[in-house]
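Open the structure in your viewer and keep the sequence panel in sight. This tour tells you what to select and what you will find there.

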Amino acid sequence: ALRMTQWDYITFNVPNMEMATPDKIEARLTEVMKHVRSFQPNAHFLWNMTWAWQENEDNEHRGTFLQLFEGSQMKMFEAIINATKIAMKNHPDLEFVIPLGTAVQNFRTSKFGDEGPWILRDDIGHLSYDLGYYLGALMAAKCISDLDVSTLEFIPPDYAKSFEDPALVEGLKAAVQGAFDNPWQVTENPYK
């Protein structure tokens, strides 16, 4: 991929479990960024903030979740914020953060909550193919182009059924705008 073309934007992130230990991130991130830069001298480097897991008793990584974050989604979110700030401070090549983790938390404060297959397709945080990917795409587009997400009407045709509730779509957009405006803390979603 690094040899295919000269990319405009390249994002970096790490698995959400490693957010509890930012020193682990640092050791690899420096080397990876140096390697990528050698192939992509003009690319804009961005940090894609990961997101916290659902608080779910059936989580297949429940032991790790308990050990690292005391089973608390908010503790995990705070660790993600902390690790993101450290990465941004230590790597000036990271021009800005895509606060997707904050957008996910913002959406969780809406009436849709955190239960069910809303934005994550499993307990350990893979984004769902419909709402999760849509949220991620909105967040990236907002950060890279300052797109006014409130005016966006596009809905992925293959997943139109998932977007039938207008409040759901507006809740996703509000989560993105809130994260863009305040990437370091949760913003209450107006769609209660």
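The stops below go from the sheet to the cores and then to the charged side chains. Keep in mind that this is a predicted model.

**Stop 1: the sheet**

Select β1, β2 and β3. They form an open sheet of 3 strands, in the order β1-β2-β3, with parallel pairing. Which strands stand at the edges? They are β1 (9-12) and β3 (94-98). Each has a single partner strand, so one side of each is left without a neighbour in the sheet. Now look for the twist. On average, neighbouring strands of this sheet are turned by 35° against each other, direction ignored.

**Stop 2: along β1**

Show the side chains of β1. They alternate along the strand. Ile 10 and Phe 12 point to one face and are buried. Tyr 9 and Thr 11 point to the other face and are not buried.

Next, follow the pairing across to β2. Strands β1 and β2 pair in the parallel sense over 4 bridges. Click on Tyr 9: opposite stands His 44 in β2.

**Stop 3: β2 in the middle**

Select residues 44-48, which make up strand β2. How many residues of β2 are buried? The count is 4 of the 5, so β2 is largely enclosed by the rest of the structure.

On the β3 side, 4 bridges join β2 to β3, and the two run parallel. Two pairs are worth labelling. Leu 46 has Phe 96 in β3 as its bridge partner. Trp 47 stands opposite Val 97 in β3.

**Stop 4: just past β1**

Select Asn 13. It lies in the loop between β1 and α1. Is Asn 13 buried or exposed? With 42% relative accessibility, Asn 13 counts as partly exposed.

Now add Asn 48 to the selection. Asn 13 and Asn 48 are 35 residues apart in sequence, yet their C-alpha atoms are 5.4 Å apart in space. Residues up to four places away in sequence aside, Asn 13 touches Trp 47 and Asn 48.

**Stop 5: a helix across the sheet**

Bring up α5, residues 131-145. This helix lies across β1, β2 and β3. Compare its direction with that of β3: α5 runs at about 145° to that strand.

**Stop 6: two nonpolar cores**

In soluble globular proteins, nonpolar side chains tend to be buried together. Here is where to look for this. The largest nonpolar core has 26 residues. Select Leu 100, Phe 107, Ile 119, Leu 135, Met 139 and Leu 172, which have the most contacts inside this core.

Which helices each supply at least two residues of this core? They are α4 (100-108), α5 and α6. The largest share, 7 residues, comes from α6.

Zoom in on Leu 172. Leaving out neighbours within four places in sequence, Leu 172 is in contact with Phe 107, Ile 119, Leu 131, Tyr 134, Leu 135 and Phe 163.

Apart from this core lies another, of 25 residues. To find that second core, select some of its members, including Val 14, Phe 45, Met 49 and Met 76.

**Stop 7: charged pairs**

Side chains of opposite charge can pair when their charged atoms come close. How many salt bridges does the structure hold? There are 6. Visit three of them.

- Lys 192 and Glu 188 form a salt bridge, with the closest N and O atoms 2.7 Å apart. Both residues are exposed.
- Glu 164 and Lys 161 meet through their side chains in a salt bridge, at 3.9 Å from N to O. Glu 164 is exposed, as is Lys 161.
- Glu 170 and Lys 173 form a salt bridge, with 3.7 Å between the closest N and O atoms.

Stay with the pair of Glu 170 and Lys 173. Both lie in helix α6 (residues 166-181), 3 residues apart, about one turn of the helix. Glu 170 counts as partly exposed, at 28% relative accessibility. Lys 173 is buried, with a relative accessible area of 6%.

**Stop 8: a charge without a partner**

Finish at Glu 26, in helix α1 (residues 22-39). Glu 26 is buried yet has no salt bridge. Which side chain of opposite charge is nearest to Glu 26? It is Lys 89, 9.7 Å away.

Show what surrounds Glu 26. Neighbours within four places in sequence aside, Glu 26 is in contact with Ile 86, Ala 87, Asn 90 and His 91.

Note on methods. Residues numbered from 1 in each chain as written. Predicted model: local features only at pLDDT ≥ 70, side-chain atom pairs only at ≥ 80, totals over all residues. Heavy atoms only, no water. Buried < 20%, exposed > 50% of the residue type's maximum accessible area, 1.4 Å probe, protein only. Lys, Arg positive; Asp, Glu negative; His and termini not counted. Salt bridge = Lys/Arg side-chain N within 4 Å of Asp/Glu carboxyl O. Contact = heavy atoms within 4.5 Å. Core = buried A, V, L, I, M, F, W, Y, C linked by side-chain atoms within 4.5 Å. Pairing = 2+ DSSP bridges. Axes fitted to C-alpha atoms, helices over the stretch in contact; angles between N-to-C directions.
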